[in-house]
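This report considers one helix with its two faces and then a few backbone features that deserve attention before further modelling. The structure and its sequence are shown here for reference.

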Amino acid sequence: MSDETRLRIDAQSPATRIPTDDPAEKPSEGIALCLSGGGYRAMVFHLGALIRLNELGLLPRLKRISSVSGGSITSAMLGLKWKNLAFGSDGVAADLLAEVVTPIRALAATTIDEGSIIGGILLPGSINERVAGHYAKALYGDATLQDLPTDGAGPRFVINATNVQTGALWRFSKPYMGDWMVGLIPNPTVRLADAVGASSAFPPFLSPAVLKVDPGAFKNDPTCPLQEQPFTSRVILSDGGVYDNLGLETAWKRYRTVLVSDAGGKLEPEPMPKEDWAEHAYRVLNLVDNQVRCLRKRQIIDAFQRTGTDHDGTYWGIRTNIADYGLSDALVCPHDRTMQLADVPTRLKALEAPLQERLINWGYAVCDAAMRKHAAGYLPSNPTAPVFPYFLSGI
């Protein structure tokens, strides 16, 4: 393959090719689910998508769930509780609400970012350590990555962070953690709370997460250009969304069918932007980040629509207009109301119960519309009709 052809393929792909990738390798048959970042807004929105995917019997068919940031909070809870989900012959788990939804909603009713920031500044211990501590207390306890399902017993859960030292995507999973430049640590015993804390280390306030590791734990790999100290002893991590806010990278290269649930934010106009160097630089960096995210979304949708592509699947977003799907029986979701939900700040700040229920309903409804419009081949022959999980709350 010529360099020109390789560059053209890379330009069309929403996933970044790295030197260790085989350009001739095709994605395997299987379904992967990507859960984006977006703080509590994303964490709760994705619950709605999981509820609908469960009703459609799709959860046990997933081969991989890749997540970042707020999506990782939900994904890690699903992974931890997977063994408790009694899937019926139709692939539906009757206890998803009790095992996953209810605990996540309890966390969403508490504010953890403000106290963590204040405590991290005034008291011993970092801000990110305090955030991870809240996750442990509310959701994961002392569970580690080894408490996630084994391949074949459930999807592989991949919790993504960004390695600030290497600029690469750092992956936490049961079989390994690491990145392609530093190398991999097999069978890591990092706490789930710490992995999720790193994945949701929103810059600038909740970042970085510092992971102290044993250099001898890395699998020896001479192809890794940075497998040396300090890269292998003290790993500096930030939010997974810094590298890829959709959690797409680890799913797109591996599986043919990709479902993307996107509750990411959008840069808002600012009539009087700050002019001091620090705040101006922060605004400019957010502009760059916004453009990268928009480009990746366009590339995903283009790849689904383009003939001869290696991928199929569907994308749904918190800013989607459900009317664009053209379904006469889609749930009623006025666009002005759903845009109010899309504008919930990217925070780990308490959400009132009615707002949580509206976010869950919206994630449910838009997931249902996207699946029935663009991924109907993966649905049961007679799928259950969609009904808002919290009917009285509506949108």
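What follows describes the helix first and the backbone afterwards, for a model that is predicted.

**Helix H5 and its two sides**

Helix H5 spans residues 113–122, and leucine 122 has its place in this helix. The buried residues of H5 are Asp113, Ser116, Gly119 and Gly120. Around the helix axis these residues cover an arc of only 135°, which puts them on the same side of H5. An α-helix has 3.6 residues a turn, so residues three or four places apart point the same way. The partner of this buried side is helix H6, residues 127–140, against which the buried residues of H5 pack.

Which residues does the face of H5 turned away from its buried side carry? That face carries the exposed residues Ile118, Ile121 and Leu122. For leucine 122, the relative accessible area is 66%, and this residue counts as exposed because the value lies over the cut-off of 50%. Ile118, Ile121 and Leu122, together with Leu123, form a nonpolar patch on the surface, and the accessible area of these four residues together is about 450 Å².

**Backbone features**

Four places in the backbone are listed below with their computed torsion angles.

| Place | Feature | Angle |
|---|---|---|
| Proline 203 to proline 204 | cis peptide bond | omega about 5° |
| Serine 207 to proline 208 | cis peptide bond | omega near 5° |
| Serine 69 | positive phi, not a glycine | phi near 55° |
| Asparagine 187 | positive phi, not a glycine | phi about 45° |

As to the cis peptide bonds, proline 204 is placed in the loop between helix H7 (192–199) and strand S7 (209–212), and proline 208 likewise has its place in the loop between H7 and S7. The bond that precedes proline 204 in the table comes from proline 203, whereas the one to proline 208 comes from serine 207.

The two residues with positive phi have their own settings. Serine 69, with phi near 55°, lies in helix H3, which comprises residues 69–81. Is serine 69 buried or exposed? Serine 69 is buried, because its relative accessible area of 2% falls under the 20% cut-off. Asparagine 187, with phi of about 45°, lies in the loop between strand S6 (183–186) and H7.

Conventions: Residues are numbered from 1 along each chain as its sequence is written. This is a predicted model: local features need pLDDT of at least 70, side-chain atom pairs count only at pLDDT 80 or more; totals for chains, interfaces and linings use all residues. Side-chain values use heavy atoms; hydrogens and water are left out. Patches are made of residues with over 30% relative accessible area and no salt bridge: like charges are joined within 9 Å, nonpolar side chains (Val, Leu, Ile, Met, Phe, Trp, Tyr) within 5 Å. Accessible areas come from the Shrake-Rupley method with a 1.4 Å probe; for residues, only the protein chains shown count as cover. A salt bridge is a side-chain nitrogen of Lys or Arg within 4 Å of a carboxyl oxygen of Asp or Glu. Helices (H or I, at least four residues) and strands (E, at least two) are DSSP runs, numbered from the N terminus. Buried means under 20% relative accessible area, exposed over 50%, partly exposed in between (1.4 Å probe, protein chains only). The arc is that of the directions from the helix axis to the C-beta atoms. Contact means heavy atoms within 4.5 Å.
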